[in-house]
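Here are a few short exercises to work through with the model open in your viewer. Try each task before you read the solution beneath it.

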Amino acid sequence: METGNAAANFHMLLALLIPHYSPPQLEFFIMFNLRTTLLATACVLALGACSDKNPPAAEPAATTPAATEAAPVTPTAEPAAETTPVAPAVAASDAKGAAVVSDCATTIDGSDAMQFNVSSITVPSSCAQFTVNLTHSGQMPVAAMGHNVVISTTADMQGILNEGMGAGVASDYLKAGDTRIIAHTKLIGGGEKASVTFDVGKIKGAGPYEFFCSFPGHSSMMKGTISVG
Ligand code: ZN
């Protein structure tokens, strides 16, 4: 009833202010405005609902491509980082230094860490023959950590390794009768010794020449240069 009274009062007020005013028109006017307002409100709420839903939907979509793009960058960077440690390892190998030579002979050592203790051997040009003594300061057996010293040109090294791999430990991982091999010791295990003597004239060619271990996988770490100086 209060609403009805308020409406009646409102009609009376308008009738006073507007000379040709008639209540039915006002009713229509009010209803029209009320509906318009409700529709407008509904639209605003709908838009609000839509605008609330859209941003969250758009943000994950935007985030996912960004994360996807960022992901490939990391794998690309990691191989580069993994490659870097390799260079210092090689540099460290080169930095081991020259073998000590005395009376046309030298002694070099192989370890359980799969390393020679020198990275170069310089043979005095005054020597007709040269002897390489090999020691193995480790404790592992020959089948697990065998070492030998093989001498060849740098160019022949990989071929000798490839064909020697199938020869087995009993054949020192060297193909029998391989004429590319200038000299080699037998394969030894921890605590053992071996030696080889060869004519220095055989490494006075164009070279360059290399000494290495032919145990499968060792030559990447166990190798060095040998030259006549
Ligand atoms: Zn070895």
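**Exercise 1.** In which sense do strand β4 and strand β7 pair, and over how many bridges?

*Solution.* Start with the ranges: β4 covers residues 150–153 and β7 covers residues 209–212. Strands here are DSSP runs of E with at least two residues, while helices are runs of H or I with at least four residues, both numbered from the N terminus. Two strands pair if DSSP finds at least two bridges between them. β4 and β7 pair in the antiparallel sense, over four bridges. To place yourself in the ladder, look for S152, which stands opposite E210 in β7.

Before going on, note that this is a predicted model: local features need pLDDT of at least 70, side-chain atom pairs count only at pLDDT 80 or more, and totals for chains, interfaces and linings use all residues. Residues are numbered from 1 along each chain as its sequence is written.

**Exercise 2.** Place this pair in its sheet, and find the helix that packs on the sheet.

*Solution.* First, write down the strand order: β2-β8-β7-β4-β5, an open sheet of five strands with mixed pairing. Next, mark the edges, β2 (120–123) and β5 (183–184), each of which pairs on one side only. Finally, add helix α4 (residues 154–164), which packs on the sheet and touches β4 and β7. The direction of α4 makes about 125° with that of β4, where axes are lines fitted to C-alpha atoms, for helices over the stretch in contact, and angles run from 0 to 180 degrees between N-to-C directions.

**Exercise 3.** Which strands make up the three-stranded open sheet, and which are its edges?

*Solution.* The order is β1-β3-β6, with mixed pairing. β1 (105–110) and β6 (193–199) are the edge strands. Neighbouring strands in this sheet are turned by 20° against each other on average, direction ignored. Now zoom in on β3 and β6: they pair in the antiparallel sense over seven bridges, and V132 has V196 as its bridge partner in β6.

**Exercise 4.** Which residues is V149 in contact with, leaving aside its neighbours within four places in sequence?

*Solution.* Apply the contact rule: C-beta atoms, placed from the backbone, must lie within 7 Å. The list is I108, V132, L134, H184, T185, V196 and F211. Two of these names, V132 and V196, are the bridge partners met in Exercise 3.

Notes:
Contact = placed C-beta atoms within 7 Å.
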